[in-house]
Amino acid sequence: MGTVKFGASHFSYGLVENDFVPGEEKALPGLTEVKMDLKNELKSIAADDGPYVVLSGGISEATLDVKIYDITSDARKDWFGINVKKGVELYNKNLVPNDIAVVFKTKMEDGKGVWVGMLKGKFSLPGIDTKTVDGTPDPQADESTGTFAPRGDADDGMMVVIGREDSEEFDLASFKQYVFAKSEDDLKALDEIPSEA
């Protein structure tokens, strides 16, 4: 029997510095929609008057579109490197976004979660899309797109990890330890089997 995935929740992020996340994981509530796109370049090679082999160039692009009801000033400081003075967000012309690692959750019809981690990306600045209230409020979420690069070696670095609760071996703490790695040891979190408590 097949399964389906639905829902979007538990969005959190960490600020990446030199391929590690020295600070704490930060929850950002209000996730309404998330869309991850992975592109890998495939080339079909012909021989003997027909298709012969298909070659893969690996993941060439990884993006994450998020809609969150309010990307807070604290999150904007982390994501975009802006300054906030007396409650005012200051966007410098030469702004350079920071690298961010993110985690979010979707789930299957049996209630078991599918956790997605994207390891090192920069997000685009969200605009403002709002309108006058006429009757019932209809708020619009902030939208931002993250473009992700490999964490670690440029040739074989990791970009995305997906953990499934329907696997007996899945351990959420180890998954998050890997995504929000503070040291080389944390990058081995998925190599070790967690001990029974």
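Which residue lies over the face of Tyr-178? Select Tyr-178 and look above the ring: Arg-151 sits there, 5.2 Å from the ring centre. For the record, a charge counts as over a ring if NZ of Lys or CZ of Arg is within 6 Å of the ring centre and within 35 degrees of the ring normal.

Some housekeeping before moving on. This is a predicted model, in which local features need pLDDT of at least 70 and side-chain atom pairs count only at pLDDT 80 or more, while totals for chains, interfaces and linings use all residues. Residues are numbered from 1 along each chain as its sequence is written, and side-chain values use heavy atoms, with hydrogens and water left out.

**Zoom out**

Show the whole chain as a cartoon. You should find two helices and 10 strands (DSSP runs numbered from the N terminus: H or I of at least four residues for helices, E of at least two for strands). From the N terminus, the order reads β-β-β-β-α-β-β-β-β-β-β-α. The C-alpha trace spans about 65 × 55 × 40 Å along its principal axes. Of the 197 residues, 30% are buried; buried means under 20% relative accessible area, exposed over 50%, and partly exposed in between, with a 1.4 Å probe and protein chains only. Take contacts (heavy atoms within 4.5 Å) between residues at least 6 apart in sequence: 62% of them join residues at least 24 apart.

**Helix 2**

Back to Tyr-178, now with its helix. Select residues 172–179, which make up helix 2, and colour Ser-174, Phe-175, Tyr-178 and Val-179, which are buried. They share one side of helix 2, because they cover an arc of only 135° around the axis (the arc is taken over directions from the helix axis to the C-beta atoms). Add strand 7 (99–108), strand 8 and strand 10 (160–164) to see what these buried residues pack against.

Now pick Lys-176 in the same view. Its partner is Glu-25, with the closest N and O atoms 2.9 Å apart in a salt bridge (a side-chain nitrogen of Lys or Arg within 4 Å of a carboxyl oxygen of Asp or Glu). Glu-25 lies in the loop between strand 1 (5–16) and strand 2 (26–27), so the two partners, 151 residues apart, link distant parts of the chain. Lys-176 is partly exposed at 21%, and so is Glu-25 at 33%.

**More salt bridges**

The full count is 12 salt bridges. Try Lys-67 and Glu-143 next, which meet at 4.0 Å, N to O. Lys-67 is in strand 4 and Glu-143 in strand 9, so this pair ties together parts 76 residues apart in sequence. Then select Lys-122 and Asp-99, whose closest N and O atoms are 3.3 Å apart. Add Glu-33 to Lys-67 and Glu-143, and you have one network joined by shared partners.

**Helix 1 and the aromatics**

Move to helix 1 (residues 73–80), where Ala-75, Arg-76, Asp-78, Trp-79 and Phe-80 are buried. Their arc of only 165° puts them on the same side of helix 1. Just past the end of helix 1, Gly-81 takes a positive phi of about 70°.

Show the rings. How many aromatic pairs does the structure hold? There are six, pairing rings of Phe, Tyr and Trp (its six-membered ring) with centres within 6.5 Å; planes under 30 degrees apart are stacked, over 60 edge-to-face, and the rest tilted. Trp-79 and Phe-80 are edge-to-face, at 6.0 Å centre to centre and 75° between the planes. Trp-79 is buried at 0% and Phe-80 at 1%.

Next, Phe-123 and Phe-148: their centres are 5.9 Å apart and their planes at 90°, so this pair is edge-to-face too. Phe-123 belongs to strand 8 (residues 113–123) and Phe-148 to strand 9 (residues 142–148). Add Phe-11 and Tyr-13 to these four residues, and the six form one aromatic cluster.

**Last stop: two loops**

Most residues other than glycine have a negative phi. Select Asp-48, in the loop between strand 3 (31–47) and strand 4: its phi is near 50°, and it is exposed at 74%. Finish on Lys-86, between strand 5 (83–85) and strand 6 (88–90). Lys-86 has a phi near 50° and is exposed at 88%.
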